[in-house]
Amino acid sequence: MHQNVGIEAMNLYGGRASLDVHKLAEYRNLEINRFENLLIDEKTVALPCEDPVSFAVNAAKPIIDALSEEEKSRIEMVVTCTESGIDFGKSISTYIHNLLNLPSNCRLFEIKQACYSGAAGLQMALNFLLSGTSPGAKALVITTDISRFALDDKNAVQEWAYSEPTSGAGAVAMLVSDKPDIFRIDPGAYGNHAFEVMDTCRPGPDTEAGDADLSLMAYLDCCNGAYTDYARRVEGADFKKSFQYLCFHTPFGGMVKGAHRHLMRKLYKTPSPEIESDFNERLMPSLAYGRRVGNTAGGGIFVALTGVIDNAPISAPLRIGIFSYGSGCCSEFFSGTVTPDGQKVLAKMNIDQALKKRHLLSMDEYEWLLSGEQTLRFGTKDANISLDNIPGVSSNGTGKNWLVLEGVSDYHREYRWV
Amino acid sequence: MSTTDILNILISEIHECVPELIDQPITAETSMTEIGINSMERAEILIATLEAMDLTVPMTSLHGPKNLGELSELLHAKKSEG
């Protein structure tokens with residue numbers, strides 16, 4: 001059995017358009033002073049020519065392009081992790097497999113468990129590799145989620161108000177293999193906590209329902225429960241000392257701060273000033289990108305991981321603890337290590353630069369996008385999507401490596417590179 | 001520990017967590033949401049109260065009360081279950 005497994009390459013795609021959520025808060029008359037506690041600045045907004053497939057492919061493309069044909073031929077599994085599915089039967093992974101020209105001897109499937117989907121997908125891939133059934137194989141795991149909950153009717157915006165400032169969009173692609181250049185997993189080091197709860201859900205293709213209090217309570221219970229299970233499995237585990245950095249699922253930074261505080265008090269009865277400085281030191285780097293793309297659901301922990309690796313000082317190998325939570329609910333705490341060389345590998349993706357290049361939407365443009373004009377609805381049989389008049393598309397001067405959705409023909413989605 | 005004691009702990013933790021409410025009358029009929037305490041602060045107040053009561057129960061088991069009086073009664077019942 002090969003124990004040296006993890007993430008060989010990864011990339012975050014944070015879309016082409018963003019919104020300043022402080023301006024949104026002003027526009028919606030939300031309390032600005034308390035809003036600061038959310039620890040969020042911007043969010044990515046999906047354009048009508050973007051969907052979970054295009055987000056996923058745009059995240060994975062630079063990784064696949066950097067591989068040799070031989071390396072590419074060893075991709076034997078493509079797992080999509082999402083709560084933004086586009087079909088009840090056909091998985092997003094089938095489109096990705098085609099658009100990236102991947103080999104036909106490949107397992108394609110999709111995983112759903114709210115925001116836990118990404119951790120579940122990564123664990124599926126890791127355990128495939130750890131099983132040793134196909135030595136040298138690679139797996140492509142992609143989280144992809146967008147939020148378009150205001151499409152159903154005019155009242156939806158009002159109902160959505162509590163989560164509107166934080167609902168973002170993004171995809172994280174990860175090449176998982178026995179060459180874990182970026183993040184080497186600690187095999188067998190994990191803990192789970194799960195129970196049935198109706199905290200948030202997506203009962204329809206363009207609707208979201210939820211109870212903010214219950215969701216926060218379940219998140220806090222799971223943070224404690226999953227870490228406790230991790231500590232039961234991993235001899236000598238110490239939440240304060242074992243992990244130089246931590247990445248928690250990030251609906252918004254304030255929730256991460258609350259969970260960290262809860263755990264530090266529960267485990268060590270740590271005084272508040274010490275909790276604050278520990279949060280700033282070990283968790284703040286993980287918010288670097290999350291506070292710019294918003295809640296990316298299944299990809300939240302990996303957005304956090306790219307944030308740490310790109311922004312934290314890493315001068316020697318160090319361990320990162322990761323906590324994933326998905327409503328409904330299931331959670332997991334697991335860990336792995338990063339190195340200075342891994343930091344250099346991820347830096348090649350220029351994630352920060354790509355986020356800076358996004359078109360900053362005006363409130364009028366954002367409201368137009370919310371209205372859903374031109375946006376493809378779930379179950380549409382035929383449609384064409386024009387790139388004309390889409391905010392930011394022309395002014396971005398689109399390159400040749402951006403995949404867009406151009407329509408649907410007899411339910412089959414069609415894409416092109418622009 | 002009586003229900004009133006628990007209510008007093010809750011009120012004290014509300015003042016600790018949201019000092020701007022120090023002059024606001026808070027009673028058993030008060031709903032934390034209605035006086036502008038957000039969900040993060042509500043969780044914070046609940047966690048601090050559990051600590052003060054030396055009570056360990058899942059947070060989700062405390063979901064449902066509509067006001068501080070109902071919450072005090074639920075916490076009292078949980079404490080009595082031991």
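1. Start with A:E8, a glutamate that counts as buried, since its relative accessibility is just 6%. Keep in mind as you look that this is a predicted model. A:E8 has a charged partner: A:K138 forms a salt bridge with A:E8, and their closest N and O atoms are 2.8 Å apart. The lysine is tucked away as well, because A:K138 has 7% relative accessibility and so counts as buried.

2. Now see where those two sit along chain A. A:E8 belongs to strand β1 (residues 6–13) and A:K138 to strand β6 (residues 138–145), so the pair ties together parts that are 130 residues apart in sequence. The pair also belongs to a wider group: A:E8, A:K138, A:K179 and A:D181 are linked in a network of salt bridges. Side chains of opposite charge can pair when their charged atoms come close.

3. How many salt bridges does the structure hold over all chains? The total is 26. Another one worth a look joins A:R28 and A:E367, with 3.2 Å from N to O. A:R28 is in the loop between α1 (21–27) and α2 (32–35) of chain A, while A:E367 is in helix α15 (residues 363–371) of chain A, so this pair ties together parts that are 339 residues apart in sequence. Are these two residues buried or exposed? For A:R28 the answer is partly exposed, with a relative accessible area of 23%. A:E367 counts as partly exposed too, at 25% relative accessibility.

4. Next, try A:K257 and A:E276, whose side chains meet in a salt bridge at 3.1 Å, N to O. This one links two helices: A:K257 lies in α9 of chain A and A:E276 in α10 (residues 272–282) of chain A, so the parts tied together are 19 residues apart in sequence. A:K257 is partly exposed, with 27% relative accessible area, and A:E276 is partly exposed with 36%.

5. On to the nonpolar side of things. The largest nonpolar core has 100 residues, and those with the most contacts inside it are A:M10, A:L140, A:V176, A:F183, A:L305 and A:I320. What does A:M10 touch, leaving aside its neighbours within four places in sequence? Its contacts are A:I63, A:V172, A:A173, A:M174, A:I182, A:F302, A:L305, A:T306, A:L346 and A:M349. There is also a second, separate core of 64 residues, and its members include A:V256, A:L287, A:F333 and, from the other chain, B:L62. In soluble globular proteins, nonpolar side chains tend to be buried together.

6. Then there's the meeting of the two chains. On chain A, 19 residues are in contact with 21 residues of chain B. Between them the chains bury about 1,700 Å², 55% of it on carbon and sulfur atoms. Four salt bridges are counted between chain A and chain B; one of them pairs A:R265 with B:E51, the closest N and O atoms being 2.8 Å apart. Seven residue pairs are in polar contact across the interface.

7. Which elements give two or more residues to the side of chain A that touches chain B? They are α8 (212–233) and α9 (253–268) of chain A. α8(A) gives the most, with eight residues. By class, this side of chain A has nine nonpolar, three polar and seven charged residues.

8. Finally, two loop residues of chain A that are easy to skip. A:S91 is in the loop between β4 (75–81) and α5 (92–99). A:S91 counts as buried because its relative accessibility is 11%, under the 20% cut-off. Residues up to four places away in sequence aside, A:S91 touches A:F109 and A:E110.

9. The other loop residue is A:L361, found between β14 (359–360) and α15 of chain A. Is A:L361 buried or exposed? At 6% relative accessibility, A:L361 counts as buried. Not counting residues up to four places away in sequence, A:L361 touches A:A17, A:S18, A:L19, A:V45, A:Y366, A:L369 and A:P391. If you want a distance to check, the C-alpha atoms of A:L361 and A:A46 are separated by 11 Å, and the two residues are 315 residues apart along the chain.

Methods
Residues numbered from 1 in each chain as written. Chains lettered and ligands numbered in written order. Predicted model: local features only at pLDDT ≥ 70, side-chain atom pairs only at ≥ 80, totals over all residues. Heavy atoms only, no water. Contact = heavy atoms within 4.5 Å. Buried area = accessible area lost by both parts, 1.4 Å probe. Polar contact = N/O pair within 3.5 Å; in protein donor to acceptor, adjacent residues only side chain to side chain. Helix = DSSP H or I, 4+ residues; strand = E, 2+ residues; numbered from the N terminus. Nonpolar A, V, L, I, M, F, W, Y, C, P; charged D, E, K, R; others polar. Core = buried A, V, L, I, M, F, W, Y, C linked by side-chain atoms within 4.5 Å. Buried < 20%, exposed > 50% of the residue type's maximum accessible area, 1.4 Å probe, protein only.
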